[in-house]
Amino acid sequence: MSIIELGESIPALTPHASSVSLPTWEDNISYEKGQDRVMSKLTTGYPRFFIHKIIAAFAEDIIKRYGSSDQQAMLFPSTRTANRCLQFIRVRSTSTTADQARVIDLVLDHSQTTSQTLAKLSPTISAVLFAKELFPVAKQYWQHSGDGVSSRRAEFCHALLQDGILVDRKVLEASSNQYQKASKGPRRYQKASIDKTTLKTNKPDSVIENFYVPSSNAVSESKESSQFLEERFGRNLDVSFVENAKSAIRRRISGSLMGEIDLAAAPSPKVTSNMRGVSGLSEDDVYLYPCGMNAIFNTHRTLLKTRGQLKSISFGFPYVDTLKILEKFGPGCQFYGNGSTKDLDDLEIRLKAGEKFLAIFCEFPGNPMLKCPDLKRIRELADIFDFAVVVDETIGNFINVHVLPYADVVVSSLTKIFSGECNVMGGSAILNPRGRYYEALRKTAKIEFEDNYWAEDVIFMERNSRHFVKRIGQINANAEVICDVLQSHPLVKEVYYPKNNASNSCYEACRTPNGGYGGLLSFTFHTTAQAIAFHDRLETAKGPSLGTNFTLTSPYVLLAHFLELDWAAQFGVPADLIRISVGLEDGEDLKARFAVALKAAEGAS
């Protein structure tokens, strides 16, 4: 396998890829330092950390039309998500310019198009406009919440803005009110020009729009027959398939659908499943989100709305933004970074002393150390002391482990192994129908849940996930092979993998009868020089993300915790750790590549 050039997308030549190539150890450090040598070559990046150039171009266009040269814009799929960002900016910023930030809602002008496809999609964009100095604060919200627009939505909606079909809601409403006023009385007294003349607004920051009844040729044929060209499978996918595709995804996640489905056919009646170890689970218990972090963010929001303003618990060394969500959005967080028995003992003492908590959030297994929390004991404490249990199963996945019996909510990043292709984002949250908060959470979700999963992303996710069960089996097998290769080499200091970790008994308690140990593993060498030599020589894709169909390598701790390496180290997470997400390649081929890289590490000794 040839190494993908620095800054190119992973996979290569993929416009909406969710990873970027950082092929050397030094490239990762330079990226974290923001050095131009690397930053100038980035064509893309991990979507919550890097604002896609398609999104950035759209935001710039909005500023040109509605803002001023000293402003920037952050784009969201709905008014509610944009207003949450606006509130975050005003609360977290000390700048006097924060109060001047505002939201502009761009909506479809139905008078400009007769397209039934556009009517079904009802595309919207809500932009938060703010002073440039506030960008770091706005970027925090974008990264932590996962609420931002996807690049496919931005690409689609930007074209509508340029065609005059997506317009400022306030201008549209003002135009509509003027039309209604002019239409009163007999038709002969109505102004004939109202549908054809330009309506100008006195507001200096508004764009002048034309509102008219279009002729049959007023809208391009490409908009009239808007269909999505599915890049990988080479067929046109009509937007009418989207609801069926969402249903298929939810059924796969709930365990009631494992294979392919004809999206053009009427969906079969809803059924319940016990494939996840809980009876009565249906697709209606599965909520889809634009990305995995957004599922976590909204789960936390839903719990706060349901149970009140209580602190949460982050148990085990977490993915970086999960902890940030719990710390910044609500009353705070009790952090147990080791996720050990001693930590559970301390928690039990606090609970017995009367401390109350909203929920415990944990990963199964954790990233990047692959440690597993004791879910059985956590569940027992939750039942006694009345707090919710939220488990992130992204790395374990439900083919390998059943964590739902111990959880009130199970969240996952569908971007990872469920998709595998590294070309679309997605997330899910499952409510346990046997959980004590189930009815209350469902009631809150009816009010709070907003379906912001963009249609094109849904179509890609459904397609990618059709054979995820088979893929997981092969990846499990490959990962065990690589684990054995690494463990047998004298230069490798430690391998972190659920099969061999000290927390293996916790994993085995949840492992399914035919489940494996997943495709993610981490390891360290005796020296950092050995780690660098190995990393730079290994012939795999190298960049952020995991759960890809191809093997993906990363000095994960450097990327995720570069500014807090000492903090991570106190929880046993070393700075020179290498994380490998094992893919679908031939096992013997992978062994050969690793052997070559290990030889390079020997040369650095």
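In this predicted model, helix 19 (residues 528-537) packs against helix 22 (residues 587-603) at an angle of about 145°, and the two axes lie 7 Å apart. The crossing of helix 19 over helix 22 is right-handed. On the side of helix 19, the contact is formed by Gln-530, Ala-533, Phe-534 and Arg-537; helix 22 contributes Phe-594, Val-596, Ala-597, Leu-598, Ala-600 and Ala-601. By character, the residues of this contact comprise eight nonpolar, one polar and one charged.

A second region to examine is centred on strand 14 (residues 359-363). This strand is mostly covered, with five of its five residues buried. In a regular strand, side chains alternate between the two faces of the sheet. In strand 14, Ala-359, Phe-361 and Glu-363 belong to one side, whereas Ile-360 and Cys-362 belong to the other. Both faces are covered, and the residues on each are buried, meaning that their relative accessible area is under 20%.

The pairing partners of strand 14 may be considered next. Strand 12 (residues 312-315) runs parallel to strand 14 and is joined to it by three bridges. Within this pairing, Ser-314 stands opposite Phe-361 of strand 14. Strand 15 (residues 388-392) also pairs with strand 14 in the parallel sense, over five bridges. Here Glu-363, one of the buried residues of strand 14, has Asp-392 of strand 15 as its bridge partner.

How is the path from strand 14 to strand 15 handed, and which helix belongs to the unit? Helix 14 (residues 375-385) completes a β-α-β unit with strand 14 and strand 15, and this unit is right-handed.

Methods:
Residues numbered from 1 in each chain as written. Predicted model: local features only at pLDDT ≥ 70, side-chain atom pairs only at ≥ 80, totals over all residues. Heavy atoms only, no water. Axes fitted to C-alpha atoms, helices over the stretch in contact; angles between N-to-C directions. Helix = DSSP H or I, 4+ residues; strand = E, 2+ residues; numbered from the N terminus. Left-handed = near helix turned anticlockwise from the far one by under 90°. Contact = heavy atoms within 4.5 Å. Nonpolar A, V, L, I, M, F, W, Y, C, P; charged D, E, K, R; others polar. Buried < 20%, exposed > 50% of the residue type's maximum accessible area, 1.4 Å probe, protein only. Pairing = 2+ DSSP bridges. Right-handed = clockwise from strand over helix to strand, strands pointing away.
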